[in-house]
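Colleague: Please give me a close look at one part of this model: a strand that sits inside the fold, and its neighbours. Then show me how that part fits into the rest of the chain.

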Amino acid sequence: NLTNNVINTSGPATNYGINLDTSVNDTIILNNTINSGGSADSNVGIRIVTRSFRNNITHNRVLSRGTSDNYGVDINSVNLTHVEYNNITTNGTTTQNIGIIITTGGLNNITNNVIATNGSSSTFGIYAQVNVRHNVIDRNNITTTGSAGSNYGIRLTNGAVSNNVTNNVINTSGTGSDFGMQLDNSANDTIAVGNNITTGGSGGTNRGIQIDTNSFRNNLTNNLISTSGTSSNEGILINADSNINVVDRNNITTTGSAGSNFGVYLVTRATSNNVTNNVINTSGTSTNYGIQLDTSVNDTIILNNSITAGGSSSGNEGIRMVNTLFRNNITQNRILARGTASNYGIELTTSSITMVIDRNNISTNGTTTNNYGIFLNSNSSNSNITNNRISTNGTSGNDGIRIEDVAASTINIVDF
C-alpha cells in the first residue's frame, strides 16, 4: 500500500510520481500528494502499465506539468482498476496534456474525480483509446481549456466498445473546434446518459457530443448540452458512416455570435439513426438549424422533438434535409422557425426523396417575406406530407406548403 505520502519529482522529461510496471496487482494508492513536473514532456503523476490488475487509486491530489504529453493518471493494458475521488490537474505549455488516459484495458472504474487540464490544444480530461472495453466513467467533474483549439472533455476512440459515460459534468473551452465528448473510429455501444456538457470557444465549430467514423449503436440519452462560439457550433454531430445510434430525451442549446449553428447534425452516410424526444434550441444570426440531415443520410427517424430555430437574420429552419437523402421519417415534432425572412419549418432540398412528414405542428415567423411551413425544392420527390398543422407569419409570400423545381414526373402526396 502507498498511502499518505508527499511526492515531488522533477527532471527534464518523463518523470513519474508513482509507477507500477508489469504485473503489479492489488495495490492501494491512497491519500497521496503528488507533484510530477519537468522542463520538457511526458511527466505522469500515477502510472500503472502492463498486465496489472485490481489496483485502487483513491483520494489523491495529483499535479503533472511540463511542455506536452503530461498525464495525471496513465493506465495502460490493465484491468479492474479503480480511479476514484482524486483531484487531478495537468498543465502543459503545448499539446496533448491529459487528466486520465486509458489504453487497451477493460472493466476499469473512473468515478467521482475532479479533473482540470490545460495546454495549447488537444488537451483531454479523460482519453480512452485502443480496444478499451466495459469501462465506467461516472460522476466526474471535468474542465478542459486550451489557448488554441481542439480540446476535449472525454474522448473514446479506436475500438472503444461497451463503455458507460454517465452523470459527468464537462466544461471545455479554447479558440475553436472544442468538444464536450467525442466517440470516433469504431467507438461502439457506448451508453452516454445524464451528462451535463458545456462547450465554448472564441471561434467556431464547437460541439457538445460528436459520433464519428464508423461508430455504431451508441446511446445518447438525458444529456444537458450547451454549445457556443462564433459559427458552425453543433449540439450533437453524427458523421461518416456512423449508424444505428440513438439520440433521445436530450436538452440541447446551441448559440453563436454568427450563423450556421446546429442542434443535431447528421452528415455523410449516417444511416438508421433515431432522434427522438429531444428539446432543441438553436440561435445565431442566420441559417441556424434545429436538425439537419446532409449527404446520403438515410432511414432516420425524427420523432416527437420540440425544436426552436431562430436568428437575428434570415434562413433559420427547424428541420433541413439536403443532398440525396432517402426514406427519412419526420413525425409528431413541434417546430418553431423564426427570424427576418426565408425561415422554414421543414425543408427538403437537392434530391431529398421518399420522405414521410406526418402529424407535425409547425410555426414559422418572420418580420418580412417568404416564410414557409414546409418547403420542397430541387428535385425532392415521392414524399408523403400528411396530417400536419402549419402556421406561417410574415409580411408577404408566406406559404404553408410550397413545392418548386420538382420534375413533373415525380409525385408528392399532400393530405390534410
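Modeller: I will start with the whole chain, go to the strand, and then work outwards.

This is a predicted model. The chain has 48 strands and zero helices. Its C-alpha atoms fill a box of roughly 75 × 35 × 25 Å along the principal axes. The radius of gyration is 24 Å, and a compact globule of 416 residues would have one near 22 Å, so the two agree. Just over half the residues are covered: 55% of the 416 count as buried. The accessible surface is about 14200 Å², and carbon and sulfur atoms make up 46% of it.

Now look at the contacts. Take those with a separation of 6 or more: 81% of them join residues 24 or more positions apart.

Here is the strand itself. It is β12, residues 98–103. How many of its six residues are buried? Six of the six are, which leaves the strand mostly covered.

What lies beside it? On one hand there is β9, residues 71–79, which pairs with β12 in the parallel sense over five bridges. On the other there is β15, residues 124–129, also parallel to β12 and joined to it by five bridges. Ile101 is a good residue to follow across. Asp74 stands opposite Ile101 in β12. In β15, the bridge partner of Ile101 is Tyr127.

Stay with Tyr127, since it leads to the rings. Ring pairs tie Tyr127 into a cluster with Phe124, Tyr152 and Phe179. A charged residue joins the picture at Tyr152. Arg155 lies over the face of that ring, at 5.6 Å from the ring centre.

Phe179 points further along the chain. Strand β21 spans 179–184, and a loop runs from there to β22 (191–193). Ser186 lies in that loop. Its phi is near 65 degrees, a positive value in a residue other than glycine. Ser186 has 30% relative accessibility, so it counts as partly exposed. Asn304 makes a useful parallel case. It lies in the loop between β34 (301–303) and β35 (306–311). Phi of Asn304 is near 60 degrees, again positive and again not in a glycine. With a relative accessible area of 28%, Asn304 is partly exposed too.

Back to rings. The whole structure holds eight aromatic pairs. One of them is Phe262 with Tyr265, which is stacked: 4.4 Å centre to centre, with 5 degrees between the planes. Both residues are buried. Another is Tyr344 with Tyr372. Why does this pair count as stacked? Its ring centres are 5.1 Å apart and its planes are at 5 degrees, so it qualifies. The pair links distant parts of the chain, since Tyr344 is in β40 (344–349) and Tyr372 is in β44 (372–376), 28 residues apart. Tyr344 and Tyr372 are both buried.

For contrast with β12, try β43, residues 361–366. In a regular strand, side chains alternate between the two faces of the sheet. In β43, Ile362, Thr364 and Gly366 make the covered face. Asn361, Ser363 and Asn365 make the uncovered one. Strand β43 also has parallel partners. Strand β39 (334–339) pairs with it over six bridges. There, Arg334 stands opposite Asn361. Strand β46 (389–393) is joined to β43 by five bridges. Here the facing residues are Ile362 and Ile390.

Last, one residue gives a sense of distance. Ile34 lies in β5, residues 33–38. At 2% relative accessibility, it counts as buried. Leaving aside neighbours within four places in sequence, Ile34 is in contact with several residues, including Ile7, Ile18, Ile46 and Val62. Gly17, Gly45, Arg61 and Leu63 are also among its contacts. Gly400 is another matter: from Ile34 it is 366 residues away in sequence and 65 Å away in space, C-alpha to C-alpha.

So trace the route again on the screen. Begin at β12, with its six buried residues. Step from Ile101 to Tyr127 in β15. Then go on to the ring cluster that includes Tyr127 and Phe179.

Technical notes:
Residues numbered from 1 in each chain as written. Predicted model: local features only at pLDDT ≥ 70, side-chain atom pairs only at ≥ 80, totals over all residues. Heavy atoms only, no water. Phe/Tyr/Trp six-rings, centres within 6.5 Å; stacked < 30°, edge-to-face > 60°. Buried < 20%, exposed > 50% of the residue type's maximum accessible area, 1.4 Å probe, protein only. Helix = DSSP H or I, 4+ residues; strand = E, 2+ residues; numbered from the N terminus. Lys NZ or Arg CZ within 6 Å of the ring centre and 35° of its normal. Rg over C-alpha atoms; globule rule 2.2 N^0.38 Å. Contact = heavy atoms within 4.5 Å. Areas by Shrake-Rupley, 256 points an atom, 1.4 Å probe, with all protein chains shown as cover. Pairing = 2+ DSSP bridges.
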